[in-house]
Amino acid sequence: MGITNSNKEIDVSKIDCHGTVKVTLGLSAAPDISSNPTDIVLVLDRSGSMAGSPLANMKAGAKTFIDIIDESTDGAQDGNIGSGSHMGIVSFASIATADTGLITSTDTLKNVVDGLAAGGATNHADAFSKAIQLFDPASSNARVIVMFTDGKTTAGAPPAPVAAEARAAGIIIYCIGLLGDDGIDVEVLNDWATDPDASHVAVTPDEEELEDLFADLAADISKPGALDIVIDEMVNPDFTIVSIDPPSKGTAEMINATTLQWKISELGVSGNEGASLEFYIKHIGQTSGSKPVNASITYSDKNGNKVTFPEPYVTVDCEKPVEPEKCPKPVEFKIEGCKDFAEIDLGDVYLESLGRILELNLTIKNVCPDKRVALGIILTEVDCYGKEHQRGLKTMTIPAHHSSGCRDIQVKCIKFVLPEDLNVCRGNSGSMCGERKFKAQVIANTIDTDFKCCESAGNI
């Protein structure tokens with residue numbers, strides 16, 4: 001039945017400039033029809049152009065189709081479609097007829113096929129409509145339409161919108177075409193059928209090949225959906241593949257720094273089955289932004305399944321380097337030809353500074369002996385409007401002195417670094433001589449004390 005799900009996801013949505021992303025590729029395939037119940041509607045052309053041997057060969061092919069589905073569902077041609085699958089028949093000419101509902105009796109189905117008679121025009125739209133109506137919307141079974149025709153539409157509404165409606169509802173459409181007396185437009189069949197056309201459309205000019213076409217199609221529907229899978233992944237050039245974990249199924253290898261290949265011989269043979277591959281890529285670009293993980297990803301298998309993977313994006317954050325000092329503006333000048341000597345005045349050059357180092361001294365008064373002091377200094381800068389801006393907080397412990405009595409303690413060289421880019425009032429364009437106003441608040445208290453709470457004193 002083909003690949004039932006394909007996925008690609010990443011483990012993070014944002015990385016730093018040279019960060020790493022884990023990428024996970026995932027596939028799942030439906031098992032054969034015996035464990036994946038399927039409702040199939042055979043839509044058979046009985047228009048006038050089918051009279052004679054074309055109709056006989058079509059009947060033989062349809063009955064072979066029924067027998068193969070019968071055996072595939074329960075392992076034997078026992079006259080009953082098993083494992084929860086069903087089949088119905090719609091035949092059409094100028095109008096379409098639902099000859100059966102979705103049933104399991106192969107004898108009933110084949111008797112209906114044998115009773116078909118040719119005559120009338122070709123109304124494909126009505127045929128698709130009657131087939132869609134046979135399906136139970138509440139059923140979880142897979143849904144398949146097999147359309148057989150030998151000519152172009154000659155009656156009824158345009159069939160393409162009806163076929164599109166069926167595909168949009170999740171119905172898989174196969175088309176078998178016979179190049180009969182009315183001719184046939186292969187491009188139209190390709191338009192009606194589910195993609196890819198190569199595995200959903202078969203056309204022959206030889207009516208004797210119809211039985212083989214029906215048999216091949218029945219085998220394709222009843223077999224597992226994915227054989228000889230090959231996935232080629234090429235990541236965005238801004239990334240490089242750094243490692244590949246062994247996949248849960250199949251083999252994977254790195255082709256070059258940006259390309260890997262994952263091969264799986266078969267998937268979904270004996271039951272619903274999934275496979276996954278994890279690999280890691282590293283950003284090697286220099287720019288920030290939302291970036292696609294892959295440049296391209298292609299899928300192929302023996303059955304011609306068409307698979308589309310999501311395209312995840314990751315946000316890359318490449319911070320700009322810090323440049324605390326801007327380069328000085330150059331002075332442009334010329335030296336005229338044939339001059340061996342030139343004297344150029346480069347103008348005024350000012351001394352510049354990235355900031356100030358503020359060194360504070362203070363005296364703590366009346367510090368008693370054997371008492372350490374906790375000292376804190378809060379520094380603020382005052383802008384041109386009198387508003388204060390925090391510029392730093394220093395805390396320190398002043399060691400105890402051991403003099404006989406209380407004394408003043410001098411504290412020197414308390415340093416604050418004040419970059420010029422913090423200047424909130426640039427009166428002199430940031431030069432060394434620009435005035436800056438500050439306020440300092442000092443908090444001090446004795447750490448050591450002989451005070452004890454009553455409760456604590458009682459426990460000593």
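The protein has a radius of gyration of 42 Å, whereas a compact globule of 460 residues would have one near 23 Å; the radius is taken over C-alpha atoms, and the globule rule is 2.2 Å times the number of residues to the power 0.38. This is a predicted model, in which local features need pLDDT of at least 70 and side-chain atom pairs count only at pLDDT 80 or more, while totals for chains, interfaces and linings use all residues. Residues are numbered from 1 along each chain as its sequence is written, and side-chain values use heavy atoms, with hydrogens and water left out.

The C-alpha trace spans about 130 × 100 × 45 Å along the principal axes of the protein. The protein contains 8 helices and 22 strands, which are DSSP runs numbered from the N terminus (helices: H or I, at least four residues; strands: E, at least two). Of the 460 residues, 40% are buried; buried means under 20% relative accessible area, exposed over 50% and partly exposed in between, with a 1.4 Å probe and protein chains only. The protein exposes about 24700 Å², and carbon and sulfur atoms supply 50% of that area. Accessible areas come from the Shrake-Rupley method with a 1.4 Å probe, and for residues only the protein chains shown count as cover. Among contacts (heavy atoms within 4.5 Å) with a separation of 6 or more, 75% are between residues 24 or more positions apart.

A good place to begin is strand E4. This strand covers residues 38-45, and 8 of its 8 residues are buried. Both of its faces are covered: Thr 38, Ile 40, Leu 42 and Leu 44 lie on one side, and Asp 39, Val 41, Val 43 and Asp 45 on the other. E4 pairs with two strands, where pairing requires that DSSP finds at least two bridges between them. With E7 (residues 142-149), E4 pairs in the parallel sense over 7 bridges, and Val 43 stands opposite Met 147 of E7. With E5 (residues 86-92), the pairing of E4 is also parallel and over 7 bridges, and here Leu 44 stands opposite Ser 91.

The connection from E4 to E5 involves helix H1 (residues 53-74), and the three elements make a right-handed β-α-β unit. Right-handed means that, with the strands pointing away from the viewer, the path from the first strand over the helix to the second runs clockwise.

Helix H2 (residues 106-114) packs on these elements. Its buried residues are Thr 106, Leu 109, Lys 110, Val 112 and Val 113. Seen down the axis of H2, they fall within an arc of 155°, so they line one face of the helix; the arc is that of the directions from the helix axis to the C-beta atoms. An α-helix has 3.6 residues a turn, so residues three or four places apart point the same way. The buried residues of H2 pack against E4, H1 and E5.

On from E7 comes strand E8 (residues 172-178). E7 and E8 run parallel and are joined by 6 bridges, with Met 147 opposite Cys 175. The chain crosses from E7 to E8 through helix H4 (residues 160-168), and this β-α-β crossover is right-handed. Met 147 thus faces a partner in each direction, standing opposite Val 43 of E4 and Cys 175 of E8. In E8, 7 of the 7 residues are buried, so the strand is largely enclosed by the rest of the structure. Ile 172, Tyr 174, Ile 176 and Leu 178 are buried on one side of E8, and Ile 173, Cys 175 and Gly 177 on the other. E8 is also joined by 4 bridges to strand E9 (residues 201-204), which runs parallel to it, and Leu 178 stands opposite Thr 204 of E9.

Three single residues remain. Thr 20, in strand E3 (residues 20-29), is partly exposed, with a relative accessible area of 41%. Leaving aside residues up to four places away in sequence, Thr 20 touches Val 12, Ile 15, Tyr 280, Ile 281 and Lys 282. Thr 240 is 220 residues from Thr 20 in sequence, yet their C-alpha atoms are 9.5 Å apart.

The other two concern the backbone. Most residues other than glycine have a negative phi. Asp 370, which is not a glycine, has a positive phi of about 60°; its place is in the loop between strands E18 (355-367) and E19 (373-382), and at 48% relative accessibility it counts as partly exposed. Cys 413 likewise has a positive phi, of about 65°, but is found in strand E21 (residues 407-419). Its relative accessibility of 41% makes Cys 413 partly exposed.
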